[in-house]
Amino acid sequence: MRELSVVGVRVELPGNQPIVLLREVDGDRYLPIWIGAVEATAIAYEQQGIKPTRPLTHDLLRDVLAALKAPLHAVEIMEMKENIFYAELLIGDGLRISARPSDSIALALRVGAPIRCTDEVLTEAGIIIPDEQEDEVEKFREFLEQVRPEDFAG
């Protein structure tokens, strides 16, 4: 397993499809995952420190896990089948629950849990961004500083 960090979310044009971009912590591969607008908003809210007046679904799940004293230890992106990613939540004493990576990432950000990925998935779907494209990643980061979660509303 390789640990990943969340670079951020953005909308891919022309299809207006949100994407979350993850980066290998101890490596140079990036993992792009196309996600839904609701999950993109939840990730963007948390990254920007926006606290809604009422809890979002991922906030509710965080609170339920805390109330049950069942901590989220990690999120693991386990496999990819037919261009669909599959993740698992590692909860409490060894409990594994299947979940979409987008929901898993939104929850992991809320509780500070690590996000990991199998080498197989990174080999299959990870990309290496050449040095000349690093400025594109910087532009992406600048975009993330400007984007508002409302931009993801469908």
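Visitor: What makes you say that helix α3 is largely enclosed by the rest of the structure?
Guide: In this predicted model, α3 covers residues 101-111, and 8 of its 11 residues are buried, so the rest of the structure largely encloses the helix. Buried here means under 20% relative accessible area.

Visitor: Which residues of α3 are buried?
Guide: Pro101, Ser102, Ser104, Ile105, Ala106, Leu107, Ala108 and Arg110 are. Just past the end of the helix, Gly112 has a positive phi of about 75 degrees.

Visitor: How many helices and strands are there in the chain, and what pattern do they follow?
Guide: You can find 5 helices and 8 strands. Along the sequence they run β-β-β-α-α-β-β-β-α-β-α-β-α.

Visitor: How do the strands line up in the sheet, and what makes β6 and β8 edge strands?
Guide: The sheet is open, its order is β6-β5-β4-β7-β1-β2-β3-β8, and the pairing is mixed. Both β6 and β8 (127-128) pair on one side only, and that puts them at the edges.

Visitor: What does α1 touch, and at what angle does it lie to β1?
Guide: Helix α1 (residues 37-48) packs on the sheet against β1 (2-12) and β2, with its direction at about 115 degrees to that of β1.

Visitor: And which strands does α3 touch?
Guide: Helix α3 also packs on the sheet, in contact with β1, β2, β3, β4 (72-81), β5, β6 and β7 (115-117). Its direction makes about 35 degrees with that of β5.

Visitor: How do you know that β5 and β6 pair?
Guide: The cut-off is at least two bridges between the strands. β5 (residues 84-91) and β6 (residues 95-99) share 5 bridges in the antiparallel sense, so by that cut-off they count as paired. Ile91 stands opposite Leu95 in β6. The two strands form a hairpin with 3 residues between them, and Gly92 in the turn has a positive phi of about 55 degrees.

Visitor: Which other strands pair in the antiparallel sense?
Guide: One such pair is β2 (residues 17-24) with β3 (residues 29-34), again over 5 bridges. Look for Ile19, which stands opposite Trp34 in β3.

Visitor: What is special about the phi of Glu82, and why is Glu82 called exposed or buried?
Guide: Glu82 has a positive phi of about 50 degrees although it is not a glycine. This residue sits in the loop between β4 and β5. Its relative accessibility is 78%, and exposed means over 50%, so Glu82 counts as exposed.

Visitor: What about Asn83 in that loop?
Guide: Asn83 has a positive phi too, about 65 degrees, and is not a glycine either. At 67% relative accessibility, Asn83 also clears the 50% mark and counts as exposed.

Visitor: Which residues touch the most other members of the largest nonpolar core?
Guide: Of its 33 residues, Val20, Leu22, Leu31 and Ile77 do. Leaving out residues up to four places away in sequence, Val20 touches Val6, Gly8, Val9, Leu31, Pro32, Ile33, Ile35, Ile43 and Ile105. In soluble globular proteins, nonpolar side chains tend to be buried together.

Visitor: Why is the contact between Arg2 and Asp119 called a salt bridge?
Guide: The cut-off is a nitrogen-to-oxygen distance within 4 Å. The closest N and O atoms of Arg2 and Asp119 are 3.0 Å apart, so the pair qualifies. Arg2 is in β1 and Asp119 in helix α4 (residues 119-125), 117 residues apart, so to speak of distant parts of the chain being linked is fair.

Visitor: What makes Arg96 and Glu76 a pair that ties parts of the chain together?
Guide: Their closest N and O atoms are 3.0 Å apart. Arg96 lies in β6 and Glu76 in β4, so the salt bridge ties together parts 20 residues apart in sequence. Arg96 has a relative accessible area of 43% and is partly exposed, whereas Glu76, at 5%, is buried.

Visitor: Which residues join Glu46 and Lys51 in a network of salt bridges?
Guide: Asp59, Arg62, Asp63 and Arg110 do. Lys51 and Glu46 have their closest N and O atoms 3.5 Å apart. Lys51 is exposed at 58%, while Glu46, at 17%, falls under the 20% limit and counts as buried.

Technical notes
Residues are numbered from 1 along each chain as its sequence is written. This is a predicted model: local features need pLDDT of at least 70, side-chain atom pairs count only at pLDDT 80 or more; totals for chains, interfaces and linings use all residues. Side-chain values use heavy atoms; hydrogens and water are left out. Helices (H or I, at least four residues) and strands (E, at least two) are DSSP runs, numbered from the N terminus. A nonpolar core is a set of buried Ala, Val, Leu, Ile, Met, Phe, Trp, Tyr and Cys residues joined through side-chain atoms within 4.5 Å. Buried means under 20% relative accessible area, exposed over 50%, partly exposed in between (1.4 Å probe, protein chains only). Contact means heavy atoms within 4.5 Å. Axes are lines fitted to C-alpha atoms, for helices over the stretch in contact, and angles run from 0 to 180 degrees between N-to-C directions. A salt bridge is a side-chain nitrogen of Lys or Arg within 4 Å of a carboxyl oxygen of Asp or Glu.
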